[in-house]
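Take a look at the sequence and the model below. We will walk through it step by step, from charged pairs to ligands and then to the surface.

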Amino acid sequence: MLELLGLPPEASAHAAEIDRVIVLLHWLMAVLAAGWGAFFLYTLVRFRRGANPVARREGITAGWSTYVEAAVVLSEVVILVFFSIPAYSARVTGFPNAMEATEVRVVAEQFAWNVHYPGADRTFGRTDIRLVSSENPIGLDRKDPAAADDVVSVNQFNIPLGRPVIVHLTSKDVIHSFGLPQMRVKQDAIPGMVHDLWFTPTRTGDWEIVCSQLCGLGHYRMRGFYSVQAPEAFTAWLREAATP
Amino acid sequence: MELEIPYTVEERPDTGLTNARLAIWLFLASEVMLFGSLFSAYVLLRSGSEFWPRQADYVNIPLATLNTIVLITSSVTIVMAWASLKLQQFRSYRLYMGLTVLAGLGFLILKGVEYGQKFEHHYYPATNNFLGMYFVLTGLHIAHVIGGLVVNLYLLGPGARMWKTAPAQFTGRVEAAGLYWHFVDLVWIFLFPVLYLL
Amino acid sequence: MPTFFRRYIFSLDHKVIGVQYALTSLVFLLFGFTLMLLMRWQLAYPGQPLPFIGGLFGVANAPGGVMLPEFYNQLGAMHGTVMVFLGVVPLAVGGFGNYVMPLQIGASDMAFPKLNMASYWLYFLGGVTMLASFVLPGGAANSGWTAYPPLSYFATIGQTVWLGGMLFLILSSLLGSVNFITTIVQLRAPGLTWFRLPFFVWGQLVTAFLLLLAFPALQAAALLQAMDRIFGTSFFMPSGLVYGGKVVAGAGGGNPLLWQHLFWFLAHPEVYVLILPAMGIVVEIMTANTRKPIWGYRLMVGSAIFLGFMSFLVWAHHMFLTGMGTSISTFFQTTTMIISIPSVIILSALFLSLYGGSIRFNTPMLFALAFLPMFGIGGLTGLPLGLASSDIALHDTYYVIGHFHYVVAPGTIFALFAGVYYWYPKVTGRLMNETLGKIHFAGSFVFINGIFMPMFIQGLAGMNRRLYDGGAQYAHVKDVLHWNTFMSWSAWGLGLFQLFFIVNVFLSLRTGKPAGSNPWQATTLDWAATSSPPLAHGNFASAPVVHRGPYDYSVPGTREDFIPQHVEHADGEAR
Ligand code: HEA
Ligand code: HEA
Ligand code: CUA
Ligand SMILES: [Cu+2]
């Protein structure tokens, strides 16, 4: 079923959990559609006027449909309780320890993704909207000592393989949505709020950040890139990016 | 060729309702949802904001208290007006309905004074979200008061001719207007503590 | 004699008002569809000039015939708005509800004819307002039909006009729903008890309650957004925004999610407003054309009522990705699964109803039958969206677009087509042409699936909705991109086959077979009123009295295979 559905490749630790919900539901859907579809076609042929000139008023009297409905309810409950709720809860709670994770801020704007790395000191420098300019898209205060080693990259999001990533997500102007299809990550970036999300990449590769919320005329081209790199490559990239 | 619609005057036996009475209740249910949505918006904005202005700094509590009294009085008088019709006392109906209208006008005048004070201090809807909600909620309420006033004036003046031709239907109309007026009153009784006292 | 104006323009007769609604909303449906046909060009052939008509839209929208992203976004927002608020709901409720419901309950008119007229004209005003917004500087609203702030805050003047249009439409539907409920409760014919109501009437009743109680939330929201846009308040505007390189002035402190809550508090019930009248139409047509009653009538009525209640408790399933915690998301996932149950029951009951029938395949029946699997597909694909975990992958992809179009287009629109074919003889006294009707059905069925089925493939692959270039930029969807042309050609094919419908509607006025009062030999009271010449104001020659349930078809022992509701005792019927 999974191949049939043609989802993007799974490249994060939790992707399989989400896909499992999708697959289970599509099985349920397939069974229901096939079953009722067959019943439907059968009745159309068997009870067409030509074959059955006089209708039987009481119609079907067998009670199996009640069991079918009960089975649907049961399947939904199982998928909901044992698969979906745990999978979603793990996304919004159960954050890893920040010391063991790669932490970044992502600030969306029309029509770009600004990625802010805290650098070696693991502390984000102060930001202030009054400092925002075209060279300084997130308004980072370079005078703040914590900002000295911060890295800000635009539309390029690098992350190391195998370590949890924590993203603090917000937006400068309108609502965007931070979508990493291969990670099974999607989260609205809402101005005035910061939302945290986390995931653990399990495959290296170069993919795209997809803006998934209508954000204006450039919504369609609000594309960023993200690369899952081997840890050494990532460290090297970060070091290079931090040297002015 | 006006068509006879049943149950405009007499009640339908199995539902115990006239059309107008059912309709006004339905309309009020929808109004409850409207003001309910705005109240929820107010609560969400207030609880979600980092600093909410001290409401008492902006509002005139004594004036609003007076207004509350005026409006509650008018609710009483409109009941008296309806009761008078039930007792076939048309003249006291006129008196009480007249008082209701006066009270409604009084409310508007006091409210106008209050708005004037706000503008004098350069308090506008855009000043902050408290004032924004204040103007939206009271403004919508004022619109409802005006609507009610127009209806009540009509029932006092030209509409009252119906008392001669169709007294039962006329009483029904006054009843519906009264229900609406109580609702407007009730909204204010919510607004008053929320906007002025909390 | 009433004047021309009283009779056809400012009529108080629910039947004339129903026809006014129906014609106006059909024109809007066609208009909404046309907007989509333009968009599908851009999706299939991004950046290429529109053939033939590209020059018509002016340099502000389509310089050199190439549609700009601004224009695409206007078309998208207005397609959604027009289809939902000006097309489907006015046709299903204002059109069919107005015309058929009073007849089915044996009433001489709506409870408040003047209010009814006012509803129609408010709707008309709202529609004109929406249309007019296209010629404003900056064009029509372009922030999606969902109008999320802050995007809608920064949008052009068209957004303000959109809000104004919505206020008219909301007012119209509030008056209408008060009128509908009062009519159904108060004006039922003697003997027409609650469980003798045709299912269509139940559908309209629940719908009217949804409109009555859900729309005020959008009314409040529209008012607040209008305040933000006109008076500079910040209800939906947080502090510290930087837009276009500049810090946004204003008090700030607002919350963009507040809008979403208010909007979806309406818009989720609204989707059941789109489906319940359609189900009602389908039931009427199915019973008449299977010659047997519906299976589990009371169960279906109960499900419809339950559906109505629950639809107020699921709205935030449209907002799973706005940063919801575990408990809230658990609540909304659970309610969403619960609300799917009554739909499953209703649909199963419809399938079961076919069993034992004597099925006539006329045009209305074909459309009604097609409704079943199409709604089934649309409903089933709602399930992965209803679970917060799978919605992470599917939210805002074409999977969502596929899901709801299956419910509203081959679902509701087909039911509406069925209704037009079915009640046309009641309105005009003539049947529509069957050959043209069957061609219309076959073409529509094939092509509409050609549009919407590939959306699931694209959506699962991660292709997003609301993309001006149809996803051409993105590498991860390049394997499913080729479907865009297929879908667009299907859409144009669908458009072509609508010509058979339009021709049929007008042609049958003159050449249709005279229908008599009860061409389908149906049991409900609408068929007890004489058809041709069209009914006078007042409907029934003498007030009908009801003696039986709605679907007394094929009662054993009787000579005819149907007994109308107003017949006290039929030949051969057991006492
Ligand atoms: C008439 C309209 C309609 C109807 C009836 C529904 C019905 C349902 N919808 Fe849908 N929905 C919309 C219209 C509708 N929806 C619209 C317009 C949107 C998008 C708005 C936007 O963002 O622009 C939307 C979006 C939407 C979302 C948000 C997705 C997202 O943005 O990420 C969700 C999530 O929960 C959802 C869920 C559901 C569910 C669980 C049902 C359930 O009620 C369905 C229950 C039905 C069944 C379960 C079918 C049972 C079938 C059988 C028993 C047999 C089948 C047989 C055969 C196939 C032969 N819908
Ligand atoms: C009821 C609602 C409804 C209906 C019926 C439809 C019908 C159709 N929709 Fe629509 N659609 C929406 C509601 C609806 N849509 C919404 C809410 C959105 C989201 C907007 C947003 O992003 O904000 C959307 C978005 C949307 C998109 C996505 C655009 C994007 O994300 O960029 C697409 C893409 O193909 C699409 C296509 C179609 C097509 C091909 C039809 C066809 O099925 C249309 C078929 C129509 C007909 C067949 C009508 C025929 C009418 C007649 C024949 C009248 C005859 C007249 C007389 C007799 C006088 N729609
Ligand atoms: Cu940013 Cu869409
Ligand atoms: Cu919904």
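Which side chain meets that of Asp396(C) in a salt bridge? The partner is Arg465(C), with 3.8 Å from N to O. The two residues sit in distant parts of the chain, 69 residues apart. Asp396(C) lies in the loop between helix 13 (388–394) and helix 14 of chain C. Arg465(C) lies in the loop between helix 15 and helix 16 of that chain. Both Asp396(C) and Arg465(C) are buried. Keep in mind that this is a predicted model.

Why can such residues pair at all? Side chains of opposite charge can pair when their charged atoms come close. Over all chains, the count comes to 18 salt bridges. Another one joins Asp552(C) and Arg548(C), at 2.8 Å from N to O. Asp552(C) has a relative accessibility of 12%, so it counts as buried because the limit is under 20%. Arg548(C) has 6% and is buried too.

Salt bridges can also share partners. Here they join Arg126(A), Asp128(A), Arg130(A) and Asp141(A) into one network. Within this network, Asp128(A) pairs with Arg126(A), and their closest N and O atoms are 3.9 Å apart. Asp128(A) counts as buried, at 13% relative accessibility. Arg126(A), at 42%, counts as partly exposed.

Now go back to Arg465(C), because it leads to a ligand: it is one of the residues that come nearest to ligand 1. Tyr272(C), Asp391(C), His395(C) and His403(C) are the others named as nearest, out of 34 residues around this ligand. Ligand 1 lies between chains A and C.

Look at the contacts of ligand 1 one at a time. An N or O atom in the side chain of His395(C) is 2.6 Å from an oxygen atom of ligand 1. The side chain of His403(C) has an N or O atom 2.9 Å from a nitrogen atom of ligand 1. Leu385(C) takes part through its backbone: an N or O atom there lies 3.2 Å from an oxygen atom of ligand 1.

Which chain supplies helix 2 (15–46) to the shell around ligand 1? That helix belongs to chain A, and it gives at least two residues. Chain C contributes helix 8 (256–290), helix 10 (326–354), helix 11 (363–380), helix 12 (382–386) and helix 14 (398–428), each with at least two residues. By class, this shell has 20 nonpolar, 12 polar and 2 charged residues.

Move on to ligand 2. It is surrounded by 32 residues, and the closest are Arg40(C), Tyr72(C), His79(C), His405(C) and Arg466(C). The side chain of Arg40(C) has an N or O atom 2.7 Å from an oxygen atom of ligand 2. For Arg466(C), the side-chain distance to an oxygen atom of ligand 2 is also 2.7 Å. A nitrogen atom of ligand 2 is 2.8 Å from a side-chain N or O atom of His405(C). The shell around ligand 2 holds 23 nonpolar, 6 polar and 3 charged residues.

Chain B has a contact to show as well. Arg12(B) lies in the segment before helix 1 (19–48) of chain B. Its side chain reaches the backbone oxygen of Gln186(C) at 2.6 Å. Arg12(B) is buried, with a relative accessible area of 6%.

Finish at the surface. Val73(A), Leu74(A), Val77(A), Val78(A), Val81(A) and Phe82(A) form a nonpolar patch there, with about 500 Å² of accessible area together. Val73(A) is in helix 3 (residues 64–92) of chain A. With a relative accessible area of 32%, Val73(A) is partly exposed.

Note on methods
Residues numbered from 1 in each chain as written. Chains lettered and ligands numbered in written order. Predicted model: local features only at pLDDT ≥ 70, side-chain atom pairs only at ≥ 80, totals over all residues. Heavy atoms only, no water. Near = heavy atom within 4 Å. Polar contact = N/O pair within 3.5 Å; in protein donor to acceptor, adjacent residues only side chain to side chain. Helix = DSSP H or I, 4+ residues; strand = E, 2+ residues; numbered from the N terminus. Nonpolar A, V, L, I, M, F, W, Y, C, P; charged D, E, K, R; others polar. Patch = residues over 30% accessible without salt bridge, like charges linked within 9 Å, V, L, I, M, F, W, Y side chains within 5 Å. Areas by Shrake-Rupley, 256 points an atom, 1.4 Å probe, with all protein chains shown as cover. Salt bridge = Lys/Arg side-chain N within 4 Å of Asp/Glu carboxyl O. Buried < 20%, exposed > 50% of the residue type's maximum accessible area, 1.4 Å probe, protein only.
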